[in-house]
Amino acid sequence: MNMPLTSTQHDLSSGADWIACEPVEVQKSFLDELEEAEILALPFLFDFWAMPHQLPPDGNWRSWVIMGGRGAGKTRAGAEWIRASVEGSRPLDHGRCRRIALVGETLDQVREVMIFGESGILACSPPDRRPEWHATRRMLIWPNGATAQAFSAHEPESLRGPQFDGAWVDELAKWKKSAETWDMLQFALRLGDDPQVCITTTPRNVGVLKELLKLPSTVVTHAPTEANAANLASSFLEEVRIRYAGTRLGRQELDGVLLEDAEGALWTGAQLEQARAPVLPELDRIVVVVDPATTGHGGSDECGIVAVGAVTRGPVQDWRAFVLEDASIAGASPAQWAQRAIAVMERWGAERLVAEVNQGGDMVEAVIRQVDPLVPFRKVHASRGKAARAEPVAALYEQGRVLHHGPLGDLEDQMCAMTAQGYVGKGSPDRLDALVWALYELIIAPSAQWRRPQVRAL
């Protein structure tokens with residue numbers, strides 16, 4: 001198409017939001033009225049096709065962070081924002097920006113993803129506005145004279161000298177020199193009345209991203225991988241759901257959630273991702289532990305219910321534990337959490353139900369006996385604080401003696417918020433408490449009995 005947009009095409013672009021929200025019959029009638037040139041232009045009117053998280057927010061902002069899961073459409077959104085920034089009403093008209101910086105982890109990634117990728121700038125541009133790539137200059141040049149220069153985050157000093165009125169930054173959270181490169185880019189964004197930057201990234205727990213998100217001049221849009229399901233292979237979605245649903249890695253890479261580890265945490269997200277057991281061995285013992293909530297209303301703490309198994313053959317130092325399920329429940333009555341705990345026992349063939357009774361006392365056992373009078377049951381009492389009880393369990397993880405099987409994302413969040421000084425997350429770490437008691441029952445207490453006749457209370 002080698003012609004400027006008609007006035008009707010401008011109306012279509014500006015009215016894309018309302019037409020996209022209309023019923024199919026209205027959309028079909030509207031499309032039937034378009035002329036051939038307008039139909040040819042339609043694929044390049046991104047406002048018509050975009051998902052909400054792919055459109056820049058209103059208002060005054062310096063940085064727009066598009067934080068999403070893998071395949072959520074972040075690259076397309078970044079490429080289209082560049083188009084909207086440099087293109088004018090007609091192919092040779094100037095847009096808001098004239099000099100753009102394109103910054104990726106490497107030059108290869110800038111070229112192959114941001115520029116030549118299936119969702120990159122060239123693929124998104126209509127023929128009469130498509131820029132040309134000048135490899136020797138590492139630069140895109142548009143028909144209207146606007147330019148975009150490619151930079152690698154491995155070379156932050158390469159941004160010293162050039163100046164820009166806009167930038168697109170891709171996968172900021174995975175750059176090895178993220179802070180240095182980001183700082184150099186900020187000094188280079190000094191042209192025009194209001195230089196802006198679009199950041200497309202899968203979130204990671206890195207300082208530069210966390211600091212950026214705190215700035216009042218930053219706006220954020222967010223979407224999981226599922227939001228772009230129509231453009232992704234169904235086999236891909238099915239596979240990643242099976243493998244990563246409910247895990248911290250899945251929440252980061254698929255849901256696009258920024259997961260932070262507390263300073264001085266006893267566990268880190270990276271450590272827990274290494275503690276995965278997709279296949280279970282034959283287990284010698286399995287227990288289910290309940291850390292009960294004594295009230296059963298919406299504002300009460302969760303009732304922690306965790307199933308853990310162990311391989312206890314051979315020397316004590318070779319014993320291994322496997323966290324099987326987190327069945328914790330919020331807002332449940334005592335009868336409801338007792339029924340769930342018994343059901344988890346039956347599902348895993350557990351040998352014993354263990355419950356902390358500091359808060360509920362004899363009531364805890366009474367409630368459980370009402371559900372199953374014959375259930376093997378053991379009461380435990382906490383004599384030390386939560387952090388002190390958690391430290392020997394954290395040591396088992398450091399030794400590689402505890403592995404996670406299945407989706408345990410909420411439990412792992414609590415683990416990453418427990419420090420030696422106490423719990424810094426929201427509410428009470430009831431899931432973690434249940435895990436701690438389970439590992440004490442299966443590994444710590446038997447190990448201590450193996451070594452000496454007297455065992456100090458947990």
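This passage describes the sheets, a helix pair and a cavity of a predicted model. In this model, local features need pLDDT of at least 70 and side-chain atom pairs count only at pLDDT 80 or more, whereas totals for chains, interfaces and linings use all residues. Residues are numbered from 1 along each chain as its sequence is written, and side-chain values use heavy atoms, with hydrogens and water left out.

Helices (H or I, at least four residues) and strands (E, at least two) are taken as DSSP runs and numbered from the N terminus, and two strands are said to pair if DSSP finds at least two bridges between them. Strands of a sheet pair through backbone hydrogen bonds, either parallel or antiparallel. One open sheet consists of 8 strands in the order S3-S4-S5-S2-S6-S7-S1-S8, with mixed pairing. Its edges are formed by strand S3 (132–134) and strand S8 (218–223), each of which has a single partner strand, so one side of each is left without a neighbour in the sheet. On average, and with direction ignored, neighbouring strands of this sheet are turned by 20° against each other, where axes are lines fitted to C-alpha atoms (for helices over the stretch in contact) and angles run from 0 to 180 degrees between N-to-C directions.

Within this sheet, strand S4 (residues 139–141) and strand S5 (residues 147–152) run antiparallel and are joined by 3 bridges, and leucine 140 has alanine 148 in S5 as its bridge partner. Helix H7 (residues 107–115) packs on the sheet and touches strand S2 (99–104), S3, S4, S5 and strand S6 (166–170), its direction making about 110° with that of S2; contact here means heavy atoms within 4.5 Å. Helix H10 (residues 207–214) lies across strand S1 (63–68), strand S7 (196–201) and S8, and runs at about 120° to S1.

An open sheet of 6 strands, also with mixed pairing, follows the order S13-S12-S9-S10-S11-S14. Strand S13 (377–380) and strand S14 (402–404) stand at its edges, and neighbouring strands of this sheet are turned by 25° against each other on average, direction ignored. Strand S10 (residues 304–311) is joined by 6 bridges to strand S11 (residues 320–326), the two running antiparallel, and alanine 310 stands opposite alanine 321 in S11.

The axes of helix H14 (residues 334–348) and helix H15 (residues 362–371) come within 9 Å and cross at roughly 60°. In their contact, residues of H14 including Trp337 and Ile342 meet Val364, Val367, Ile368 and Val371 in H15. The contact residues divide into 9 nonpolar, 1 polar and no charged, with Ala, Val, Leu, Ile, Met, Phe, Trp, Tyr, Cys and Pro counted as nonpolar, Asp, Glu, Lys and Arg as charged, and the others, Gly among them, as polar.
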